[in-house]
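Visitor: Could you take me through one part of this model in detail? I would like to look closely at the sheet and at what lies around it.

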Amino acid sequence: MRIPTVHIGALAAHDPAAIAAVRQATRQIGLFYLDLRPGIGAETFDELFVETRRFFHAAPEVKSAISVRHSPHYRGFVAPREESTNGTADLKESWEFGREATPPPDAEPQDWFVMYGGNQWPDPARLPGFRPTVDRYTEWVSQVGRTVVEALARSMGQHDVLGKPDSAFGEDLHWFSRLIYYRDSDEYRGEDVRLGEHTDSGMLTVSIQDSDGLEVRTQDGEWLLVSPPPGACVVFTGELMGLWSGGYYPACRHRVHADNLRGDRVSVISFFIPELGSVLRPIDPAEAVAAEGTDAAVAVAADNPWLRPGERGDAVEPFVVGEREWARVHEIFPRDEQEVTK
Ligand SMILES: O=C(O)CCC(=O)C(=O)O
Ligand SMILES: [Fe+2]
């Protein structure tokens, strides 16, 4: 099976051939490539890769000053082995950031409100180009997230999922992002996993990478190397998409294997989710299945171990997006709120 490349303009214009390609790839693989030209191309990616490398190669105190341990919002620098997947420490380092937002002013405080918050930026005196470059990235990738989420929703007969406070996903998408660095080190050679197999918790993930390394598992169990053409980003589904669509677009399973890495590697990942306070109400995928002209049975994957209890293969009850997101983050960064240090 081949991973298709679709043009963002065609997707935004609801071009039937583009929608058909996306539908098939998202159903079978959970992933496709998105060509963003003429607005965004390989040069825009390169600027971000340069700043990302500068950050990870900066003196240790530049990074430790903004350690994720100082942030109640799980944002900041994550050292190698500080995060784990499937109980195994990840051999990568990252800087985690997200949409800066505050909880609704008159809402009763909830534990999961820590998902709202501000970012910890590296010292601009040490890395002057970092923030402007990251801000430019955030602007265009947010547009990509909105375009794809709306197109996938539409492909299942769901219109206007964004735009108003009472839209299915709220006024605008919420997002978390990370810059990731897989250091080229003898220490890691021979270990076959750099980031264990998993599904992302969000609705949709958009990533760019400076070299190969990511692999994706198709619905048939085949592992494919993710290798987008220059200037294209990678788009894949997360658990919220699988849950919301009743299994029509299952969460994409992926991993980063040492075998595929040649030297060091940078990737930049954005996870898009509905507004934190919105209630996600799973839709009936029957209409989408009928539009496809098949009568294939569709259900939330019963064999996805990353889903939470009560979600596997079951009819999922409506839930608050921020609450579930918080529970998932806890599994990745197991810690007590008391452990947050200033
Ligand atoms: O580095 C990559 O390409 C993938 C990272 C990833 O899957 C994640 O951060 O969830
Ligand atoms: Fe992932």
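Guide: Happy to; here is a walk through the sheet, then the ligand shell, then one histidine. Please keep in mind that this is a predicted model.

The sheet is open and has eight strands, in the order S1-S2-S12-S9-S14-S7-S6-S3, with mixed pairing. Its edges are strand S1 (5-7) and strand S3 (76-78); each has a single partner strand, so one side of each is left without a neighbour in the sheet. From one strand to the next, the twist averages 25°.

Now look at strand S9 (residues 204-209) and strand S14 (residues 265-273), which run antiparallel and are joined by six bridges. Within this pair, Ile208 stands opposite Val268 in S14. Helix H3 (residues 42-56) packs on the sheet, where it touches S9 and S14 as well as strand S6 (93-98) and strand S7 (174-182). The direction of H3 makes about 110° with that of S14.

Some of these strands also take part in the shell around ligand 1: S7, S9, S14 and strand S13 (253-257) each supply at least two of its residues. Among the residues around the ligand are Arg178, Ile180, Ser207, Gln209, His254, Val256, Ser267 and Ile269. By class, the shell divides into five nonpolar, four polar and two charged residues.

Finally, His198 lies in strand S8 (residues 193-198). With 19 other C-beta atoms within 10 Å, His198 is partly exposed, since a buried residue needs 20 or more. Leaving aside neighbours within four places in sequence, His198 is in contact with Thr85, Asn86 and Trp306.

Technical notes. Residues are numbered from 1 along each chain as its sequence is written. Chains are lettered from A and ligands numbered from 1 in the order in which they are written. This is a predicted model: local features need pLDDT of at least 70, side-chain atom pairs count only at pLDDT 80 or more; totals for chains, interfaces and linings use all residues. Two strands pair if DSSP finds at least two bridges between them. Helices (H or I, at least four residues) and strands (E, at least two) are DSSP runs, numbered from the N terminus. Axes are lines fitted to C-alpha atoms, for helices over the stretch in contact, and angles run from 0 to 180 degrees between N-to-C directions. Two residues are in contact if their C-beta atoms, placed from the backbone, lie within 7 Å. A residue is near a molecule or strand if its C-beta atom, placed from the backbone, lies within 6 Å of it. Ala, Val, Leu, Ile, Met, Phe, Trp, Tyr, Cys and Pro count as nonpolar, Asp, Glu, Lys and Arg as charged, and the others, Gly among them, as polar. A residue is buried if 20 or more other C-beta atoms lie within 10 Å of its own, exposed if 12 or fewer, and partly exposed in between; C-beta atoms are placed from the backbone.
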